There are 2 protein chains.
Amino acid sequence: MEMDSRKQKILEAVVLDYIETAEPVGSRTISKKYNLGVSSATIRNEMADLEEMGLIEQPHTSAGRVPSNAGYRYYVDYLMSQSDIQEEAKQLIQQAVKDKQQQVSDVLRDSMKMLAEVTNCTTVMMLDDSKGSTLQLLQLLLVEPGKALMVIITEGDKIENRFLEIPESMTKEDLDLVSMMINQNLRGLKVDDWQRNILENIFQNLTRQRQVVDCALEMLSSILNVQGKDKKIYLDGGLNMLSQPEFKDVNKVKNLLQSLEQQEVLSQLMEGDTETGITVKIGSETGLDEVKDCSVIVASYKVKGETVGKVGLIGPTRMDYATAVSMLNTMAQTLEEAYQENE
Amino acid sequence: MEMDSRKQKILEAVVLDYIETAEPVGSRTISKKYNLGVSSATIRNEMADLEEMGLIEQPHTSAGRVPSNAGYRYYVDYLMSQSDIQEEAKQLIQQAVKDKQQQVSDVLRDSMKMLAEVTNCTTVMMLDDSKGSTLQLLQLLLVEPGKALMVIITEGDKIENRFLEIPESMTKEDLDLVSMMINQNLRGLKVDDWQRNILENIFQNLTRQRQVVDCALEMLSSILNVQGKDKKIYLDGGLNMLSQPEFKDVNKVKNLLQSLEQQEVLSQLMEGDTETGITVKIGSETGLDEVKDCSVIVASYKVKGETVGKVGLIGPTRMDYATAVSMLNTMAQTLEEAYQENE
DNA sequence: TGTTAGCACTCGAATAAAAAGAGTGCTAAC
DNA sequence: GTTAGCACTCTTTTTATTCGAGTGCTAACA
């Protein structure tokens, strides 16, 4: 059995109506609301076919049809129109970005909040610092004898602070010297590009400050590395989904939200093909039992061809994919632009 | 009508049983479970009295009794025994604090998480930076021409970073000079102690760097001030309450959790008599309609006689006050000790 | 005078039965 | 190929009924 244009229209109608009403949709509804020019009986026949194809299903005998995961998939892949919301979304997001003259991460957070509100979903943002995290500036500050603060600015104006134990005898001048050396030699380089033995050579004449250099490098490396490893993840709008009828059961809600609090879960949800730009995972496609009733949309954004972060949207499988994809898309684009300007 | 010892025992029984079971408790239950040596009929009479006094109430005619807010109040003020849990709590908390060799704020967060888990409540911690926020170290770093990073360390090792637009012509040396001057003159002082006109004098000979000084001072002041104004608040275990039967309704949950996401709400909940150490607000005593079914317990902890932070616990009015108060108490104490060691 | 057993009464909760409705699948006619 | 019609299914809603926990009151008792 193959898909003809009428079947497509009917499937689309089922998906759209279900997204809107959260109720199983019957043949009568479709023939009335979406004027396909055929009677409900005809639609019933077609629906039986669609069900056989696994695209829709009945919760029980005397109920209307509901899209299956495969149905959503088909809708997302072939039926969904994206452009209609684009303009509106773009304006909303761009405004949010421009409204604030802040650090990028703050803007991001604000945008995500807005996105969560508009879509009534939970949003996730993940800064994959490992890729773009080249050293821009490092400075060691003497806080008090024996204690220094290491300030690290990596590309993209991300700042890290870390306290450091140092020998009591170290002076401000020693620290300045070390800072300068490190800056001179490592500025603009990625961690991956360091080579321990070369560094050894460079710093070997800093005998007096040797201890601090070692320690600082150690930390620096761990910071830049760690940033990549367990990436920074922010979540917003976790409560939004509570308005959706599929989460009227408290236990379900609790489980879901608790899952989303675990970084590993989020990490897995957010992984996907970073090349294609946007990934849609529907229900069980997420591969996680905890969120099998949810869908996830992930967009990654790049700077200079490298993925530096991802933004994601988590909602019930019955979510408004068209709007969500559009908005995420626009979001990613806008962020890329914002980043570029910032360089 | 006044309170005799038997009435107290009965009230206590009602409170304890209701805390345990979350079901209205009847006279029969009390006479059986808590052996007061009198029959259920007698208890019924007494309960009628207690109801008249406003300490307990009936959800409906044929149900058992439930403590009223006033009933809880009486229990907390006169009946509650606190010592029993103390030792256990102390060990749990102290272990949590000692487990980690981290910055104070991290330890705090961990302890709060643990507290939330044990009590099945939501915990809040509030760092009242305003009090202790004297300047410890300030340094301006030249990131690139026209752009500087201001690093500020305030007492208690709290770090703030802020980017700064500066004239393109400014050099690293200029910034160092400014940093040094600011440090020399403001180190160890609170914002309140600055006096604009005196500063004017001090810095008036820095004509070349004038613009940066102004800007930096402006920011510095705003940072130190703001830290005091809207205090840093961390929340943990927001989901814990979902296990409680009083929150089986999703809408209630949503409203509650959304309220708790608002800083103003939390701020108001956490305010109270900082002198007495611990404050218990029951139900409507919180003064907030959003949380009228909740109780809040707040403990403040002090360093050198000044309140530097508060830890709070939010749960349903039917919460285990005895345990909660004990644990919070211990928590506050342990934190004070930890702080003192840290100094 | 305080305590207790006994009992009628109340009112929510649980259970059962009945009715209503929505939607389907199938058949036969167009 | 399309459609009207109809019997059938299964959920939801409604209504009625029963059940039971707990009370308040009264009268007897120590």
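Here are a few friendly notes on a sheet in chain A and on the surroundings of DNA strand C.

1. A word on the basis: this is a predicted model, in which local features need pLDDT of at least 70 and side-chain atom pairs count only at pLDDT 80 or more, while totals for chains, interfaces and linings use all residues. Residues are numbered from 1 along each chain as its sequence is written, chains are lettered from A and ligands numbered from 1 in the order in which they are written, and side-chain values use heavy atoms, leaving out hydrogens and water.

2. Chain A has an open, antiparallel sheet of three strands in the order S4-S5-S6 (strands are DSSP runs of E, at least two residues, and helices runs of H or I, at least four, numbered from the N terminus; two strands pair if DSSP finds at least two bridges between them). Strands S4 (135-144) and S6 (158-165) of chain A are the edges, each pairing on one side only. S5 (residues 147-154) of chain A pairs with S6(A) over eight bridges, and A:Ile152 has A:Glu160 as its bridge partner there.

3. Around DNA strand C you will find 21 residues, with A:Ser27, B:Arg6, B:Ser39, B:Thr42 and B:Thr61 the closest (near means a heavy atom within 4 Å). H3(B) gives the largest share of this surface, four residues.

4. Three polar contacts deserve a look (N or O atom pairs within 3.5 Å). A polar side-chain atom of A:Arg44 sits 3.1 Å from a base nitrogen of DNA strand C. The backbone of A:Ser62 has a polar atom 3.3 Å from a sugar or linking oxygen of that strand, and a backbone N or O atom of B:Ser39 is 2.9 Å from a phosphate oxygen.

Conventions
A polar contact is a pair of N or O atoms within 3.5 Å; within protein, one must be able to donate a hydrogen and the other to accept it, and residues adjacent in sequence count only if both atoms are side-chain atoms.
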